[in-house]
Amino acid sequence: MSKALIVANWKMNPATFKEARKLLDETQKAAERTKISVVIAPPAIFLREFTSRSRGARISFAAQHAHQEAGGAHTGEISIQQMRDAKAKYVLIGHAERRARGETNDDTRLKVAASLAKGLTPILCVGETKRTQSGEYFNVIAEQLRTALADVAANKLAHIIIVYEPLWTIGSDKTMDPREMQMMAIFIRKTIVDSFGEGGHDIRILYGGSVDAASAPAMLRDGDVHGLLVGRASWSAVEFAHLLTAAENA
Ligand code: PEP
């Protein structure tokens with residue numbers, strides 16, 4: 001799959017700017033050897049330096065988190081507008097680790113709308129914390145999607161990326177079975193089509209949760225996804241290069 005989109009979520013890594021610059025340069029070289037679209041989500045403090053260092057390169061950058069207000073008394077926050085000014089093209093919204101710290105579905109609604117208004121592509125993360133036999137998790141996902149997209153016009157759907165990232169696979173040694181992901185991709189599209197009509201088919205869906213070079217190809221081939229969100233496997237340039245090669249050959 002040559003047009004896969006792979007988002008590297010560096011979270012709060014690496015420890016120093018020197019290490020981050022090395023990881024960026026090596027990741028960029030690995031990305032240039034493939035046709036994969038690579039987006040790096042570095043810690044915000046590295047963002048402006050990275051976008052200017054990588055000007056003209058094929059990789060793009062995402063903010064890991066941003067505040068929906070344009071300004072004001074929000075100590076410690078960085079606005080979507082400021083991320084855009086630092087040349088980010090994407091912003092992660094509703095990542096499980098932010099939801100665990102109190103980000104609500106309603107917050108994701110405000111962030112999705114503000115990102116679209118400011119010209120950043122929202123990467124909306126949805127996913128249940130646990131699964132039971134009753135299938136309750138489908139309601140959780142539907143609610144996350146409906147609320148986050150409530151203020152979006154149908155003609156903007158193609159500018160949004162959804163990541164299905166169940167909490168029980170993040171940071172674990174469990175990846176999801178691609179056939180289960182395929183079912184979830186159908187459910188996500190159906191939920192969006194129910195609210196927005198046929199335009200809902202244009203939405204891009206990624207999978208995230210413990211993906212590595214070994215599991216990426218099957219997910220890209222059989223999971224009905226346009227790409228992947230990768231955490232730990234993107235923190236080593238060597239490991240990430242293997243993942244990109246495996247994805248390229250999927
Ligand atoms: C993530 O947290 O976005 C993620 C995908 O992490 P990991 O790949 O380490 O499970």
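## Where H5 meets H6

In this predicted model, helix H5 covers residues 105–118 and helix H6 covers residues 136–148. Their axes come within 7 Å and cross at roughly 40°. That angle makes H5 oblique to H6, and the crossing of the two is right-handed.

So who does the touching? On the H5 side, look for Asn105, Asp106, Thr108, Arg109 and Val112; on the H6 side, look for Glu143, Gln144, Thr147 and Ala148. Sorted by class, this contact between H5 and H6 has two nonpolar, four polar and three charged residues.

## Where H1 meets H2

Now for another pair of helices. H1 runs over residues 17–32 and H2 over residues 44–53. The axes of H1 and H2 come within 11 Å, with a crossing angle of roughly 35°. H1 goes past H2 in a right-handed crossing.

Phe17, Ala20, Arg21, Leu24 and Asp25 are what H1 brings to the contact, and they meet Phe46, Glu49, Phe50 and Arg53 of H2. The mix here is five nonpolar and four charged residues, with no polar ones.

## The loop between S1 and H1

Strand S1 (5–9) and H1 are joined by a loop that holds Pro14. Have a look at the peptide bond leading from Asn13 into Pro14: it is cis, with omega near -10°.

Lys11 is found in that loop between S1 and H1 too. Its phi is positive, at about 50°, although Lys11 is not a glycine. Keep Lys11 in mind, as this residue turns up again in the largest pocket, where it is among those nearest the centre.

## The largest pocket

The largest pocket has a volume of about 470 Å³. Its lining is made by 17 residues, and those that lie nearest the centre are Lys11, Met12, Gln64, His65 and Arg98. By class, the lining of this pocket splits into seven nonpolar, five polar and five charged residues.

## The second largest pocket

Next comes the second largest pocket, with a volume of about 250 Å³. It is lined by 14 residues, and closest to its centre you'll find Thr51, Ser52, Ser54, Arg55 and Lys87.

Two elements give two or more residues to this lining: H2 and strand S3 (60–63). H2 gives the most, with three residues. That's the helix H2 whose Phe46, Glu49, Phe50 and Arg53 make contact with H1. In the lining of the second largest pocket there are four nonpolar, five polar and five charged residues.

## A cavity inside

How many cavities of 30 Å³ or more turn up in a search of the whole structure? Just one cavity does, and the largest cavity has a volume of about 50 Å³.

To find it, pick out the residues that line it: Gly94, Ala96, Arg99, Cys125, Val126, Gly127, Glu165 and Leu167. Helix H4 (96–99) and strand S5 (121–126) are the elements that give two or more residues to this lining. Class by class, the residues around the cavity are four nonpolar, two polar and two charged.

Notes: Residues are numbered from 1 along each chain as its sequence is written. This is a predicted model: local features need pLDDT of at least 70, side-chain atom pairs count only at pLDDT 80 or more; totals for chains, interfaces and linings use all residues. Side-chain values use heavy atoms; hydrogens and water are left out. Axes are lines fitted to C-alpha atoms, for helices over the stretch in contact, and angles run from 0 to 180 degrees between N-to-C directions. Helices (H or I, at least four residues) and strands (E, at least two) are DSSP runs, numbered from the N terminus. Angles under 35 degrees count as roughly parallel, over 145 as roughly antiparallel, 65 to 115 as roughly perpendicular and the rest as oblique. A crossing is left-handed if the near helix is turned anticlockwise from the far one by less than a right angle, and right-handed if clockwise. Contact means heavy atoms within 4.5 Å. Ala, Val, Leu, Ile, Met, Phe, Trp, Tyr, Cys and Pro count as nonpolar, Asp, Glu, Lys and Arg as charged, and the others, Gly among them, as polar. On a 1 Å grid over the protein atoms alone, a cavity is a set of points where a 1.4 Å probe fits but cannot get out, and a pocket is an open set with protein on both sides within 12 Å along at least five of seven lines; lining residues have an atom within 4 Å of a point. Grid points are joined across faces, edges and corners, and a volume is the space filled by probe spheres set on the points.
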